[in-house]
Amino acid sequence: MRPQTALVIRNPLLTGSHPDPSIVRVGGDFYLATSTFEWYPGVRLHHSRDLVHWRPLGGALDSTALLNLAGCPDSGGVWAPHLSCPDGLFHLVYSNVSTYAGGFTDAPNHLVTAPTIDGPWSDPVPLHARGFDASLFHDGEHSWLLNLVHDWRPGHGGSAGLEATRYDRTARRLVGEPVPIALPPQAGWIEGPTLYRHGPWYYLLTADGGTGYAHQVTVARSRSLAGPYERDPHGPLITARDHPELPLQKAGHGSLVETGTGQWYLAYLAARPHGRRGPCVLGRETALAPVTWTPDGWPRTPTGLPDLEIPAPDLPAGAPYTPEEVDGFDGPALGPDWSTLRRPAAPDWLSLTERPSHLRLHGGRSPQSLTGSSLVARRVTAARCAFEATVEYQPRTFQHLAGITAYYNTRTWYFLYVTADDQGQPVLRTASSDRGLVTVDEAGQEPLGAAARLRLGLDLDGPVLRFRCDTGTGWRSFGPPLDATVLSDEHAEEIEDGRIRTMGFTGAFVGLWAWDLTGGGHPADFDDAAYRTPQ
């Protein structure tokens, strides 16, 4: 098969919330790992043969033995995983952030390994909790763990720089004391360190400028691993910092890969705001940029800016992946596009067999609980999309609720649901929460009578969200138009007195939700869940 010289890569190549990409090539296969925060399975994985077509593999961390997210804050959990494959064994490093508010960041780092990307993944190896954004660098038989060092002390800026610690791959443990990385002076945080050896130089990629519109990927190099490093005098490897007109913004947090044919690419995160540097409902997505090396040994992207289209590598064309629009829940497990909130899919609350060809959710705790939610959702991947599902539910009390949601976090969401009124009769209602302020539209509720099976839907049209329903006579709108921009990273971020209360890292999700505030796990059945985007 001849190389696909005529094909292009269209950015973002992983749409919806796929930030902090870590890319690795193993033979003729490319793998990408991205952050998943409070969602299971932890660390989302994708596979490609050509960097153009990508197939979701689901997540690596699918059990509490590998990852415990109970109690983790909104936008906590898995930050910035790093994937590598020395000696034919996959190594996956990840942080599990349990606290980031008030100046503290509790971020224990762990390592799991697997003989194949499909697992089985080993029991986690505890590393340390001195800081987050940890990555492994393999230099022959030696390995090093790099990470940001978090500084909790008021007035110290939150970051004490970067460090490296030897990791013994045979003994599966850190050895010796951490070594500070000598970097040139720079204001602000330096995050996301990944290290590469190319020729006589060590190249250090970092994520600088924060996670917002000043984000960037920078490169520094040194003849020794610990430095001192010199920064590329040309400036950032990629950024949209000074170009608010670009459709891709927040470009940063990158990793490099060589294709096996001498070509290099940078995987990085980017965001598509609504309007000029407006709210990012889709979160931060994964994009690629080609990289060449200058005669004096610096990596460069063509323009230093994030582009919507780039040339594909000279590789045989891979097989396209087309996701199913409608999930009838006929398989033994949830498909790779589904995620669950703070607890893995398990038979104590979720079943695909209790009622064949249906997803049964046993009602969980309230939306503000940091444990025990019964929410199955998928990423919003386009500014214009539709989501719908069939619901069968027999509530017995106002404390029983089940339906569909447009969800950002525990404090911000929309919900179209079936519940019971004060007389125990089933009704259809909407509720919403905006930064913790909950409202219920009881005046706009609709009695359902004998309609035991109904279809609920929502349409996202840029900044507007609309609910709809079909109780047996066809689709019709339900409730007023809603502000979709609150389901964005920018709106979710809350800062009080200069200190962070809530981060906004995840982008929006749509999904199936069941509450039972009595604690009895009253079940709801869902079928034919459909997610569609314009062709």
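Reader: Let's start with one residue. Where does Asp20 lie?

Author: Asp20 is in the loop that runs between β1 (8–10) and β2 (22–26). Before we go on, keep in mind that this is a predicted model.

Reader: Okay. How do I read its phi angle, and what is the phi of Asp20 near?

Author: General idea to begin with: most residues other than glycine have a negative phi, and most peptide bonds are trans. Now the case here: Asp20 is not a glycine, yet its phi is positive, near 60°.

Reader: Is Asp20 buried or exposed?

Author: Buried means under 20% relative accessible area. Asp20 has a relative accessible area of 7%, so it is buried.

Reader: Which other residue has a positive phi although it is not a glycine?

Author: Lys250, with a phi of about 60°. Lys250 sits in strand β20, and at 4% relative accessibility it counts as buried.

Reader: You said most peptide bonds are trans. Which residues does a cis peptide bond join here?

Author: Tyr40 and Pro41 are joined by one, with omega about -10°. Pro41 is in the loop between β4 and β5 (42–48). Another cis bond links Gly227 to Pro228, where omega is about 15°. You'll find Pro228 in the loop between β17 (216–222) and β18 (230–231).

Reader: Let's go back to β20. How do I read a sheet, and in what order do the strands of the open sheet come?

Author: Strands of a sheet pair through backbone hydrogen bonds, either parallel or antiparallel. In this sheet 4 strands line up as β20-β21-β22-β23, with antiparallel pairing, and the sheet is open. Its edge strands are β20 and β23 (299–300), each pairing on one side only.

Reader: How many bridges join β21 to β22?

Author: There are 8 of them between β21 (residues 264–271) and β22 (residues 284–293), and the two strands run antiparallel. If you want a spot to look at, find Leu266: it stands opposite Ala289 in β22.

Reader: Next, empty space. How many cavities of 30 Å³ or more does the structure hold?

Author: The idea is simple: rolling a probe the size of a water molecule over the atoms shows where empty space is left. This structure has 3 cavities of 30 Å³ or more. The largest has a volume of about 80 Å³.

Reader: Which residues lie nearest the centre of that largest cavity?

Author: Ala80, Pro81, His82, Thr194 and His253 do, out of 14 residues in the lining. Our friend β20 (249–258) turns up again: β20, β7 (77–84) and β15 (190–198) each supply at least two lining residues. By type, the lining divides into 5 nonpolar, 7 polar and 2 charged residues.

Reader: What about rings? How many aromatic pairs does the structure hold?

Author: A pair of aromatic rings is described by the distance of the centres and the angle of the planes. The structure holds 21 aromatic pairs. Take Phe37 and Phe505: their centres are 5.8 Å apart with 40° between the planes, a tilted pair. The two come from distant parts of the chain, 468 residues apart, with Phe37 in the loop between β3 (29–34) and β4 (39–40) and Phe505 in the loop between β40 (499–502) and β41 (509–516). Both rings belong to buried residues.

Reader: Why is the pair of Trp79 and Phe505 edge-to-face?

Author: Planes over 60 degrees apart count as edge-to-face. Here the planes are at 75° and the centres 5.6 Å apart, so that label applies to Trp79 and Phe505. This pair also links distant parts of the chain: Trp79 is in strand β7, 426 residues from Phe505. Trp79 counts as buried at 7% relative accessibility, and Phe505 is buried too, at 9%.

Reader: Which residues form one aromatic cluster?

Author: Trp39, Tyr407, Trp413, Phe415, Tyr417, Phe509, Trp513 and Trp515.

Reader: Last one. Where does the charged end of Arg166 sit?

Author: Over the ring of Trp144, 5.8 Å from the ring's centre. Look at Arg468 as well, which lies over the face of Trp475 at 4.3 Å from the ring centre.

Note on methods: Residues are numbered from 1 along each chain as its sequence is written. This is a predicted model: local features need pLDDT of at least 70, side-chain atom pairs count only at pLDDT 80 or more; totals for chains, interfaces and linings use all residues. Side-chain values use heavy atoms; hydrogens and water are left out. On a 1 Å grid over the protein atoms alone, a cavity is a set of points where a 1.4 Å probe fits but cannot get out, and a pocket is an open set with protein on both sides within 12 Å along at least five of seven lines; lining residues have an atom within 4 Å of a point. Grid points are joined across faces, edges and corners, and a volume is the space filled by probe spheres set on the points. Helices (H or I, at least four residues) and strands (E, at least two) are DSSP runs, numbered from the N terminus. Ala, Val, Leu, Ile, Met, Phe, Trp, Tyr, Cys and Pro count as nonpolar, Asp, Glu, Lys and Arg as charged, and the others, Gly among them, as polar. Two strands pair if DSSP finds at least two bridges between them. Rings of Phe, Tyr and Trp (its six-membered ring) pair if their centres lie within 6.5 Å; planes under 30 degrees apart count as stacked, over 60 as edge-to-face and the rest as tilted. Buried means under 20% relative accessible area, exposed over 50%, partly exposed in between (1.4 Å probe, protein chains only). A charge sits over a ring if NZ of Lys or CZ of Arg is within 6 Å of the ring centre and within 35 degrees of the ring normal.
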